[in-house]
Amino acid sequence: MEVLIVRGRLHWGFSVKYPLQSAAQFPLLIPPPTTLVGALAYGCNEGVETSEDRVSAATRLLNNVKWAAFGFDETLRGLRLSLLAVADMSRNIAAPYVRKAEQALFAVQAMGRVYAAGMRIKIVYLGEGLSKLVKCGWQITRIGSKESLFEPRDVELLKVEKVDAKIFATSLYVRADVARPTDPSKVTEWEVWPLAKGSFHLWRGGPQEVVKLYLPLRLEEVSYESERVIKFGEELYAL
């Protein structure tokens with residue numbers, strides 16, 4: 001297995017929203033794996049989200065990318081991640097959804113954003129045959145919405161090693177089925193949709209399948225226990 005690590009800086013932050021939100025668009029605190037694969041695919045496909053055969057560019061990458069994770073690449077002890085999330089009031093064109101009441105054509109909406117101006121982040125892609133995606137890593141320009149600008153500073157391709165360690169610390173989010181935090185008060189559980197072709201299927205308003213993650217509550221590393229610890233470079237992780 002290989003790992004592609006993309007490090008860089010956010011311009012002002014990012015905006016990633018839950019699917020199907022309309023009037024109140026609250027943000028996800030961290031970009032989920034599907035958003036990270038989409039960011040890589042957008043770079044690979046020269047800024048086009050679908051191919052000529054109408055197949056999603058992100059779907060094609062799932063042949064190589066089996067997992068993706070996000071983490072802040074700097075430590076600000078005591079700063080809770082939730083404090084960075086806000087909902088800015090904005091006016092959007094609502095004409096396609098309004099039949100009457102002309103005063104509602106430019107309706108007020110809450111636009112969710114996470115403000116992290118200039119902060120360093122790292123994105124990790126795990127899978128096979130990632131050498132052909134190194135160029136795509138350098139071409140990532142956004143994380144989430146098109147305004148969520150990102151500047152890559154370093155892209156590294158490494159081999160993954162299995163190690164005998166049982167304890168590791170990381171700022172990346174971790175799957176709950178492969179690791180557990182040594183101090184549960186430092187994380188929050190988070191449910192996201194899996195990396196799978198056509199993964200977000202709605203049934204009574206929610207996805208049919210979810211992946212549970214542990215997300216650090218603060219901008220600092222969290223210690224975990226796992227029987228499936230891997231190493232790439234100086235980083236320990238669990239998969």
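Phe-14, Phe-70 and Phe-72 come together as one aromatic cluster. That's a nice place to start looking around this predicted model. In total, the structure has six aromatic pairs. Let's take one of them apart, then visit two arginines and a leucine.

**A ring pair to look at**
- Trp-12 and Tyr-115 have ring centres 5.5 Å apart and planes at 55 degrees, so this pair counts as tilted.
- The two partners come from distant parts of the chain, 103 residues apart.
- Trp-12 sits in the loop between strand S1 (2–10) and strand S2 (13–14), while Tyr-115 belongs to strand S7 (residues 106–115).
- Is Trp-12 buried or exposed? Its relative accessibility is 17%, and buried means under 20%, so Trp-12 counts as buried.
- Tyr-115, on the other hand, is partly exposed, at 36% relative accessible area.

**Arginines over rings**
- Arg-142 lies over the face of Tyr-42, 4.1 Å from the ring centre.
- Arg-175 does this with Trp-67, lying over the ring's face at 5.5 Å from its centre.

**Around Leu-215**
- You'll find Leu-215 in strand S17 (residues 211–216).
- Leu-215 is buried, with just 4% relative accessible area.
- Which residues does Leu-215 touch, leaving out those up to four places away in sequence? They are Leu-29, Ile-30, Leu-81, Tyr-173, Lys-186, Val-187 and Thr-188.
- Remember Arg-175, the one over Trp-67? Leu-215 and Arg-175 are 40 residues apart in sequence, and their C-alpha atoms are 9.0 Å apart in space.

Definitions and conventions: Residues numbered from 1 in each chain as written. Predicted model: local features only at pLDDT ≥ 70, side-chain atom pairs only at ≥ 80, totals over all residues. Heavy atoms only, no water. Helix = DSSP H or I, 4+ residues; strand = E, 2+ residues; numbered from the N terminus. Buried < 20%, exposed > 50% of the residue type's maximum accessible area, 1.4 Å probe, protein only. Contact = heavy atoms within 4.5 Å. Phe/Tyr/Trp six-rings, centres within 6.5 Å; stacked < 30°, edge-to-face > 60°. Lys NZ or Arg CZ within 6 Å of the ring centre and 35° of its normal.
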